[in-house]
Amino acid sequence: MANLEILVSELPTLIQSLRLTIGDSNQIMEQIILINNAQEQLRNIQKLIAQELKFENINNSAIATLPRINIAASFFIPSIELVDPAIAEKFGNSETKISLTDLQSKIDSWIEWGYFLQAIAADILSDIQLVNQINSDINHLSLTANFQVIAKSLKINLNLDNFNLLEHQIQKISNYQNELLQLQQKLNYIFNTIKNSHSLLNILLGVSAFYGKSGFALEWLDDDHELIISSDGKFQELTDILNDCDFFHEQIAALIIQGDTLREQAEQALKKIEQEISKESIISQQVKRVPKFSTHKIVRLGLIVASSLLILGFGSWKIKEQSLSLTQEGSAFVADDGSAIAKFKSAEKLGMEAASLVQNPPHPLQVWQEAETKWYQAIILLDSIPNETSVSERAKKKLAYYRINYKSISQRVLIQKKALANLESAQKLAI
């Protein structure tokens, strides 16, 4: 019995080693060896328990509590209270006694978990592409950290009076928006991979992309046999990661709109500065003096003018006809350009209104729908602006951003509708 008690005292260390950190292939090999050693010691404890039950005929006798509190000070977790609730079941309850039979059952589950981890490790090491992808993910920020960096960078105080600085800030905003779009694509990949994959290895690829540099470890299976994963001291189930993805979908959409609002304000300020510079340039221009002419030059000039008038007289009917045609074409162009400018201004106004509506979420569904409608109306206006008008190039750029905003808002509206539908279903079931 003394030998058994000594081995039981080592259980906290053994159980702690029954985890698999997904990362460098050399580290995975080292972990397989640790898991093997832990399993071997657990089997030794099982043999001693079997001997005690056989020779001493002890049924349901209680042994000392799993000594997590007594010995854990020199190990990983100083007390049972610091064990995350998600994996508390893995370590057992240190405050109650446990029978030898129950301990045998517990050891069986630990050994089985060790086999499961070994199988996953072997599958990972046999898939070169998977290993390369995981190694690549480790070189990038986690999705959470990446989002936080961009969100912090978008807190820009626009310098509305400095032309060069405004241009630089507009470029920065554009770069951050592109990064947000890439992050949104990565988020979609992670969500779809984890939710729709039937292969555990594929699911682990999605998890690897989510955690990035932070890395992650497989810790345990909960009561519903859902995988529990740890990263940076935080324990999550796969469902929790999917919920985080939904949260970041909303936050990224809000940041895209925030960036677009900043860009709109900066472009308006830039346009105002350009107009002021143009006015100052016109005012500051010196009026050119009329040159003096000598008498003989004046006579020659008079002859030239007279000759020109004769020539113009002969061709006046043709010039008049061409002038009328050009005037009609010019009037049509001016009308088209004026209509295009009006449409562009209306679209800008709708975009600003839509962006203002969704600032500082969360909002009720009606607000998101109203913003969605305004983005859609703005897109229709910009899309109808003809080419070769004075605002056609600016309209195309706006159109690209407005479509992104409209898509983000539409996704948010769908999420809100689904949430309301789920709530109504829950209320009906409760009734």
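**Entry 1. Cores**

I looked up the largest nonpolar core in this predicted model. Leu11, Ile124, Val207, Leu218 and Ile229 touch the most other members among its 77 residues. I then noted which element gives the most to this core: helix H11 (residues 238-284), with 13 residues. There is also a second, separate core of 22 residues, and I listed Ala347, Ala355, Val358 and Val391 among its members.

I took isoleucine 124 and asked for its contacts, leaving out residues up to four places away in sequence. I found Ile22, Ile28, Leu130, Val131, Ile134, Leu201 and Leu204.

**Entry 2. Isoleucine 28**

I followed one of those contacts, isoleucine 28, and found it in helix H3 (residues 25-55). Its relative accessibility is 1%, so I entered isoleucine 28 as buried, the limit being under 20%. With the same exclusion of residues up to four places away in sequence, isoleucine 28 touches Leu20, Thr21, Gly23, Ala121, Ile124 and Leu125. I also checked isoleucine 28 against glutamine 118: the two are 90 residues apart in sequence, and their C-alpha atoms are 9.4 Å apart in space.

**Entry 3. Strands S1, S4 and S5**

I turned to strand S4 (residues 216-221), where five of the six residues are buried. Which strands pair with S4? Strand S1 (residues 20-22) does, in the antiparallel sense and over three bridges. Strand S5 (residues 227-231) does too, again antiparallel, over four bridges. For the register I wrote down one bridge for each pairing. Isoleucine 22 is bridged to phenylalanine 216 of S4, and alanine 217 is bridged to serine 230 of S5.

**Entry 4. Helix H10**

I checked the length of helix H10 (residues 200-211). Its twelve residues, at 1.5 Å a residue, should span 16 Å, and the end C-alpha atoms are 16 Å apart, so the two values agree.

Is H10 enclosed or open? Ten of its twelve residues are buried, so I recorded H10 as largely enclosed by the rest of the structure. The buried residues include Leu201, Leu204 and Val207, along with Gly206, Ser208 and Tyr211. Of these, Leu201 and Leu204 are on the contact list of isoleucine 124, and Val207 is among the core members that touch the most others. Just after H10, I noted that glycine 212 has a positive phi of about 55 degrees.

**Entry 5. Aromatic pairs**

I counted eight aromatic pairs. I picked out tyrosine 376 and tyrosine 406, whose ring centres are 5.8 Å apart and whose planes meet at 40 degrees, so I entered the pair as tilted. This pair links distant parts of the chain, 30 residues apart: tyrosine 376 lies in helix H13 (residues 365-383) and tyrosine 406 in helix H14 (residues 392-430). I have tyrosine 376 as partly exposed at 44% relative accessibility, and tyrosine 406 as partly exposed at 26%. Elsewhere I found one aromatic cluster formed by Trp113, Phe116 and Trp220.

**Entry 6. Salt bridges**

I found nine salt bridges in the structure. I looked at arginine 43 and glutamate 40, where the closest N and O atoms are 3.3 Å apart. The two are three residues apart in helix H3, so about one helical turn separates them. Arginine 43 is partly exposed at 26% relative accessibility, and glutamate 40 is partly exposed with a relative accessible area of 39%.

I next looked at glutamate 267 and arginine 263, which form a salt bridge at 3.3 Å, N to O. They are four residues apart in helix H11, so again about one helical turn lies between them. Glutamate 267 is partly exposed, with a relative accessible area of 25%, whereas arginine 263 is buried, with 12%.

Lysine 398 and glutamate 264 meet in a salt bridge of 2.8 Å, N to O. I noted that this pair links distant parts of the chain, with lysine 398 in H14 and glutamate 264 in H11, 134 residues apart. Lysine 398 is buried at 8% relative accessible area, and glutamate 264 is buried at 2%. Which residues do shared partners join into one network? I wrote down Arg263, Glu264, Glu267, Glu348 and Lys398.

Terms used. Residues numbered from 1 in each chain as written. Predicted model: local features only at pLDDT ≥ 70, side-chain atom pairs only at ≥ 80, totals over all residues. Heavy atoms only, no water. Core = buried A, V, L, I, M, F, W, Y, C linked by side-chain atoms within 4.5 Å. Buried < 20%, exposed > 50% of the residue type's maximum accessible area, 1.4 Å probe, protein only. Contact = heavy atoms within 4.5 Å. Pairing = 2+ DSSP bridges. Expected span 1.5 Å × (residues − 1). Phe/Tyr/Trp six-rings, centres within 6.5 Å; stacked < 30°, edge-to-face > 60°. Salt bridge = Lys/Arg side-chain N within 4 Å of Asp/Glu carboxyl O.
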